[in-house]
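Subject: Handing over the structure, with notes on what was found

Dear colleague,

I am passing this structure on to you, together with some notes that may help on a first reading. Please have the sequence and the coordinates open as you go through them.

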Amino acid sequence: MRINNNLPALNAKNRINNNSNAKKTSFERLSSGLRINRAADDAAGLAISESMRAQIRALEQGSRNIQDGISLIQTAEGALNSITSGLQRIRELLVQRENDTYTYSDKETINQEITHNLRNIEDITINTQFNGIYLLNGSLTNAAVHTGTDTIPLSINDMHLDLYYRENFNDQNRFSQWHPAQGAWTVQNGLLTQSTEGVGDKTILTEVIQGNDMTITVNGKFMTTHPDGNIGIIIKGNDFNNQVFGWYSQYGGLYIGERVNGSYRLITSIVVDPAQLDQNYELTGTVVGNYYTFSVTGVGKIEGYSANTSMLEGYTGLFTAFSEASFDDYEVIPHITLTDIETALDKVTGERAKLGAYQNRLEYAYNNTSNYSENLTASESRIRDTDISKEMIKISTLSILTDASQAILAQANSQPQRILELLRN
């Protein structure tokens, strides 16, 4: 029997400490839900689970990427669906226009709707965006959607349908100059100017398309008060000596005139308000069959004139400017056939089919990524998460062992008291 070293008491104390530490660990696991709260809990398990967590987070971001890609495709496909509807309406109008039960005025109204549908289609093509990314203008090439494990290529073709033309005055080489002795014309940054003043017609001309039914729209400004200030459109013509043209005079008046074999005559005119400097005017020249219309938005309109028969087989859509005028841009709505619309519809529906295939592939990738992430999460959970029932059993066991150790410690501490009894005796 010893007094200085009570080995049973030391043993009981160590058991109590061990059980208390084990209970503390179990409490931490139960409160956090994690079996591994620090590297000391399971060094190898921590390394494996952290690697899995990195993969899971990448897959979750990949799933979001795929959903964004699907949204982009749906935006583009929705725009193409609108274009398809517009083309189908134009096709319907073309069939309607061919019916000879309609008057010139009726057919011009039909042409106006065709024109607006074409402009709407062009606007959709130019302006459709997703998060600032233009979708249908041909700029979305060699793009990709990252799924977290792979990349899926994504591209959308240029969906400009070339159903009408846009010209830019920066391209001076596309224009031929007439009457150079009466004034040289230059074109820079969309501004049409004359270096020397003169009289008579100073004409810049470009051939756009050959055909009969069409609309030309021009935006022009008067830049000086020169008495020969006019802006206009050649509505139809073979060459400079054979043409029908309409113009707006700076001093008031809308005119339609013609040259036949070099001889000029005024066809008709109306008096309008004088033009204003630096004010934008939209000019429109329309050809429907043998009928010609010239108008300036907000100013006036001359309509329904049937020109000389010598004009009927000429080029339509020639653009001209008279004197000191500046033109920002112009667009030409040419004669459109059912074949043109069918070709455009084939292009649009082909692109929609491609986008549908892209979307299906992304949806398959999304399902695969989701399954992959789910399985990795389950694996990571088995390594790192707490088994609640197991820890509860362990806590119950440790509680019993702690209570028993405390009882043993009490008895071990009372054992030296017996030595006193021996000493008293």
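How many salt bridges does a search of the whole structure find? The search finds ten of them, and please keep in mind throughout that this is a predicted model.

**Salt bridges**

As a general point, side chains of opposite charge can pair when their charged atoms come close. One of the pairs here joins Arg89 to Glu92, whose side chains meet in a salt bridge with an N to O distance of 3.2 Å. Both residues belong to helix α2, which covers residues 43–97, and because they are three residues apart in that helix, about one helical turn separates them. Arg89 is partly exposed, at 27% relative accessibility, and Glu92 is likewise described as partly exposed, with a relative accessible area of 47%.

A second pair reaches from one helix to another: the side chains of Glu342 and Arg91 form a salt bridge at 2.4 Å, N to O. Glu342 lies in helix α4 (residues 338–384) while Arg91 lies in helix α2, so this pair ties together parts that are 251 residues apart in sequence. Glu342 has a relative accessible area of 30% and is partly exposed, and Arg91, at 33%, is also counted as partly exposed.

Arg265 forms a salt bridge with Glu258, and their closest N and O atoms are 2.8 Å apart. Here the two partners sit in differing surroundings, since Arg265 is partly exposed with a relative accessible area of 40%, whereas Glu258 is buried, with a value of 2%. Salt bridges with shared partners also join Arg89, Glu92 and Glu113 into one network.

**Helix contacts**

The helices α2 and α4, already linked by the pair of Glu342 and Arg91, have axes that come within 7 Å and cross at roughly 165°. Angles over 145 degrees count as roughly antiparallel, and α2 and α4 are therefore roughly antiparallel to each other. Their crossing is left-handed, and the residues of the contact divide into 28 nonpolar, 16 polar and eleven charged.

Another helix contact involves α1 (residues 7–32) and α5 (residues 388–414), whose axes come within 8 Å and cross at roughly 160°. By the cut-off given above, α1 and α5 are therefore roughly antiparallel to each other, and the crossing of α1 and α5 is left-handed. The contact of α1 with α5 has 15 nonpolar, seven polar and six charged residues.

Within helix α5 you will find Asn413, which is partly exposed, with a relative accessible area of 44%. The C-alpha atoms of Asn413 and Ala12 are separated by 9.9 Å, although the two residues are 401 residues apart along the chain.

**Strands and the loops beside them**

Strand β3 (residues 143–146) and strand β4 run antiparallel and are joined by four bridges, with Ala144 standing opposite Pro153 in β4. The two strands form a hairpin with four residues between them, and Gly148, in the turn, has a positive phi of about 100°. Which side chains of β4 (residues 151–154) are buried, and which are not? The side chains alternate along this strand, so that Ile152 and Leu154 point to one face and are buried, while Thr151 and Pro153 point to the other face and are not.

Most residues other than glycine have a negative phi, and two asparagines in the loops may therefore deserve a look in the light of that general rule. Asn131 has a positive phi, near 55°, and is found in the loop between β1 (129–130) and β2 (133–134), where it is exposed, with a relative accessible area of 71%. Asn142 also has a positive phi, of about 55°, although it is not a glycine; it is found in the loop between β2 and β3 and is exposed, with a relative accessible area of 77%.

Finally, Ile234 has its place in strand β12, which covers residues 230–239, and is buried, with a relative accessible area of 2%. Ile234 and Gly246 are twelve residues apart in sequence, and their C-alpha atoms are 6.5 Å apart in space.

With best wishes

Methods
Residues are numbered from 1 along each chain as its sequence is written. This is a predicted model: local features need pLDDT of at least 70, side-chain atom pairs count only at pLDDT 80 or more; totals for chains, interfaces and linings use all residues. Side-chain values use heavy atoms; hydrogens and water are left out. A salt bridge is a side-chain nitrogen of Lys or Arg within 4 Å of a carboxyl oxygen of Asp or Glu. Buried means under 20% relative accessible area, exposed over 50%, partly exposed in between (1.4 Å probe, protein chains only). Axes are lines fitted to C-alpha atoms, for helices over the stretch in contact, and angles run from 0 to 180 degrees between N-to-C directions. Angles under 35 degrees count as roughly parallel, over 145 as roughly antiparallel, 65 to 115 as roughly perpendicular and the rest as oblique. A crossing is left-handed if the near helix is turned anticlockwise from the far one by less than a right angle, and right-handed if clockwise. Ala, Val, Leu, Ile, Met, Phe, Trp, Tyr, Cys and Pro count as nonpolar, Asp, Glu, Lys and Arg as charged, and the others, Gly among them, as polar. Two strands pair if DSSP finds at least two bridges between them.
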